[in-house]
Amino acid sequence: AVLPRVWDVVTDPLMGLISDRTRSKWGRRRPYLLLGALILPICFAALFATPAIASPTGMFLYVFAMYILCATAFTIYAVPYVAMPAEMTRDYNAATSLMSARMALMTIGILVGGTAPMIVKAAGGGPMGYRIMGLCIGVVMMVGLSRYGDDGLTVMVMMRLQIYKQFKMTLTHRIICAIWPACDWRLCLMR
């Protein structure tokens, strides 16, 4: 378990450097949020969809490679995501509030992830149960992570709106309403 952590030691600062230097019409962070939101769920599902490999060494190498890909995809998403609150507001309390919401929703996500054994069991257990669990959680991840749509609103415009107007706009957004339980609503409102 040491090698994946060493991988993070290398990739996290590298991703920070890359996203800090990115100049695009979508901003410095959003392209990586979208890329990570697409890659991570696929890699997660693939981690549990192990092919029929007879050799224990081959199986180890497959799982290890998928784990490294998952860790890399998570880095692509998480590093820019954590950097965003500081760019969304200069107000210390607002940034703290955003990070608190992030931590609360991350805790909920971890609790939802606790359903994995139940999904495996409900899917009949064994390799097929794990494949189905990986796919189910991958879909939930895709929905939860890909909440950053581009509707032309900027962070500054959204931050200037009163909270009741933000809720009203959010409640009329059909995609947000469909994925509300998996959404970090404060970041959705302030994209």
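Here is a short chat about helix 1, a buried arginine and two cysteines in this predicted model.

Reader: How far apart are the end C-alpha atoms of helix 1, and what span should its 20 residues have?

Author: Helix 1 covers residues 2–21. Counting 1.5 Å a residue, those 20 residues should span 28 Å. The model agrees with that, as the end C-alpha atoms are apart by 29 Å.

Reader: Okay, and which helices do the buried residues of helix 1 pack against?

Author: Let's start with who is buried: Pro 4, Asp 8, Thr 11, Met 15, Gly 16 and Ser 19. These buried residues of helix 1 pack against helix 2 (30–48) and helix 3 (56–88).

Reader: Asp 8 is on that list, so which residue does its side chain meet in a salt bridge?

Author: Asp 8 is buried, with a relative accessible area of 13%. Its partner is partly exposed at 43%, and both lie in helix 1, 3 residues apart, about one turn of the helix. The N to O distance in this salt bridge is 2.7 Å, and the partner is Arg 5.

Reader: Now the loop between helix 1 and helix 2: is Arg 29 buried or exposed there?

Author: Arg 29 does lie in that loop. Its relative accessible area is 6%, and the cut-off for buried is under 20%. So Arg 29 counts as buried.

Reader: Which residue forms a salt bridge with Arg 29?

Author: Leaving aside neighbours within four places in sequence, Arg 29 is in contact with Ser 19, Asp 20, Pro 80, Ala 83, Met 84 and Glu 87. With Ser 19, the side chains are joined by a polar contact of 2.5 Å. The salt bridge has its closest N and O atoms 2.9 Å apart, and its other member is partly exposed, at 37% relative accessibility. That residue is Asp 20.

Reader: How many salt bridges does the structure hold?

Author: You've met Arg 5 with Asp 8, and Arg 29 with Asp 20. In general, side chains of opposite charge can pair when their charged atoms come close. The number of salt bridges in the structure is 2.

Reader: What about Cys 43 and Cys 70: how many disulfides are there, and why?

Author: Cys 43 is buried at 10% relative accessibility, and Cys 70 is buried at 8%. The closest cysteine sulfur to that of Cys 43 is in Cys 70, 5.1 Å away, which is too far for a bond. A disulfide needs the two sulfur atoms within 2.5 Å, so the search of the whole structure comes back with 0 disulfides.

Definitions and conventions
Residues are numbered from 1 along each chain as its sequence is written. This is a predicted model: local features need pLDDT of at least 70, side-chain atom pairs count only at pLDDT 80 or more; totals for chains, interfaces and linings use all residues. Side-chain values use heavy atoms; hydrogens and water are left out. Helices (H or I, at least four residues) and strands (E, at least two) are DSSP runs, numbered from the N terminus. The expected span of a helix is 1.5 Å times one less than its number of residues. Buried means under 20% relative accessible area, exposed over 50%, partly exposed in between (1.4 Å probe, protein chains only). Contact means heavy atoms within 4.5 Å. A polar contact is a pair of N or O atoms within 3.5 Å; within protein, one must be able to donate a hydrogen and the other to accept it, and residues adjacent in sequence count only if both atoms are side-chain atoms. A salt bridge is a side-chain nitrogen of Lys or Arg within 4 Å of a carboxyl oxygen of Asp or Glu.
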